[in-house]
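Student: I am new to this structure and would be grateful for a close look at how its interior is put together. Please take one part at a time and connect it to the rest.

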Amino acid sequence: MDFALSDEQEALAKAERAWLTKNDPIAARRPGIDDGPARTTPAGVRHLAESGLIGLLTSDMGGTHVDLAVLVEEHGRAGSPLPVAELAIAARLLEQLDHPAFGATESGAELVVPALASLENPAVHAQIDGGQLRLSGTTAPVTGLIDAHSILFVATTDTGAEAAAVVPVDAVSIRTLDTLDLTRSWSVADVDLTLEEGTWSALQPGTVTFVHDALATFRAMDALGAAARLVDMTVEYAGQRTQFDQPIASFQAIKHHCANMALSVEAARAALWAAAVALDGDDADTRTRAVSAAAAFTGDGASSTAQTALQVHGGIGFTWEHDVHLLIRRIKVDELLDGSVSYHRRRLAAA
């Protein structure tokens, strides 16, 4: 596949990086990092709404999953708490369902995030009986849920049908989780609902799998962004840190470490671009293979890059004041959600 980002996509990434640099999420998080989970800021939500990024995948905006991928990478690099991919995916589904919450999601007046069961552990049980949709169980961890106004539940019922429903947050029990990730909030929803006909919508077959694939791709893209920043930080540190009156970057072992990190990031980026292109295509089998290959490769590579970055930084990387450990925590959580490395390898082998 001959592929490169367009000039417009490069400009989109550059503009988003400039905004994130000006509104540094990690710097904003530092003062209250011991006070509770990270929250989305009104300025961040306003930025996503006014720039149209929430509705990027909708027909009016005409954006692609590759466009969304470059944005998610920048937010991963910056350690942003904003659930960019989740909001864009929710807006796309709401438009397809012609749901009243669609316009509110685009404007930012109401944040709707999608909640699904884990790829490896489908814990939400769904039944359709006499026009009623019955949902019970617990969703997988979802970022940004504690700041959402509504939750978009997407589920496969016990008969194999697929359905979606938008439920107010106060209609379910939300539990905020303590995780390694200090840059984002993670929550789960305990569901015990019966929704009457007219409050839920039937989905086209394959929609649930598509949403899972999209979330898995962008979870890996977030990890890639954090790993890419760790490469830059490590190269810069190696050029400044001296030993035996020489920058440690001049040592062959450090050169090999930095080269391996850069190679891993670039290869993962190519794989994820291929997955994003597949998300915009019509071949479900190609999409499954591309997504699982990219997610497995990136999850493993980003984790290895993070550990190498810590090794090159030495003792300073362990300190609470350094950003290295925050990015490592983020990568490790990304590695476990929306399908672990082992899950995607098994899925790829079975495809």
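What percentage of the contacts in the protein chain with a separation of 6 or more comes from residues 24 or more positions apart?

Tutor: The model is a predicted one, and the values below are computed from it. Residues 24 or more positions apart supply 74% of the contacts in the protein chain with a separation of 6 or more. That figure is a useful entry to the interior, but the overall frame should come beforehand.

The protein chain is built from eleven helices and eleven strands. Its radius of gyration is 20 Å, close to the 20 Å that the globule rule gives for 351 residues, so the chain is as compact as a globular protein of that length. Along the principal axes, the C-alpha atoms occupy a box of roughly 75 × 45 × 35 Å. Of the 351 residues, 55% are buried. The accessible surface amounts to about 15300 Å², and carbon and sulfur atoms hold 52% of that area. As for charge, the chain carries 25 positive and 46 negative charges, whose mean positions lie 8 Å apart.

The interior itself may now be examined. In soluble globular proteins, nonpolar side chains tend to be buried together. Here the largest nonpolar core comprises 98 residues, and the members that touch the most others are Leu68, Leu135, Leu152, Phe153, Phe218 and Leu230. Helix H7, residues 207-240, makes the greatest contribution to this core, with 17 residues. A second, separate core has six residues, among them Ile248, Ile254, Cys258 and Val312.

Leu152 shows how one such member is surrounded. Leaving aside residues up to four places away in sequence, Leu152 touches Ala90, Leu93 and Leu94, then Val112, Val113, Pro114 and Ala115, and finally Ala164, Ala165 and Val166.

Another instructive position is Ala309, which belongs to helix H9, residues 284-313. Its relative accessibility is 0%, so Ala309 counts as buried. With residues up to four places away in sequence set aside, Ala309 touches Leu230, Thr234 and Met261. Leu230 has already appeared among the residues of the largest core that touch the most other members. The C-alpha atoms of Ala309 and Ala227 are 8.9 Å from each other, although 82 residues separate the two along the chain.

Ala271 offers a further example, this time in helix H8, residues 252-279. Its relative accessibility of 23% is the reason Ala271 counts as partly exposed, because buried requires a value under 20%. From Ala271 to Met221 the distance is 10.0 Å, C-alpha to C-alpha, with their positions 50 residues apart in sequence.

Two loop residues complete the picture. Most residues other than glycine have a negative phi. Phe244, however, has a positive phi, near 55°, and Asp338 likewise has a positive phi, near 55°. Phe244 sits in the loop that joins strand S10 (242-243) to strand S11 (246-247), whereas Asp338 sits in the loop between helix H10 (324-336) and helix H11 (341-350). As to accessibility, Phe244 has a relative value of 73% and therefore counts as exposed. Asp338 has a relative value of 17% and therefore counts as buried.

Methods: Residues numbered from 1 in each chain as written. Predicted model: local features only at pLDDT ≥ 70, side-chain atom pairs only at ≥ 80, totals over all residues. Heavy atoms only, no water. Helix = DSSP H or I, 4+ residues; strand = E, 2+ residues; numbered from the N terminus. Rg over C-alpha atoms; globule rule 2.2 N^0.38 Å. Buried < 20%, exposed > 50% of the residue type's maximum accessible area, 1.4 Å probe, protein only. Contact = heavy atoms within 4.5 Å. Areas by Shrake-Rupley, 256 points an atom, 1.4 Å probe, with all protein chains shown as cover. Lys, Arg positive; Asp, Glu negative; His and termini not counted. Charge placed at Lys NZ, Arg CZ, Asp CG, Glu CD. Core = buried A, V, L, I, M, F, W, Y, C linked by side-chain atoms within 4.5 Å.
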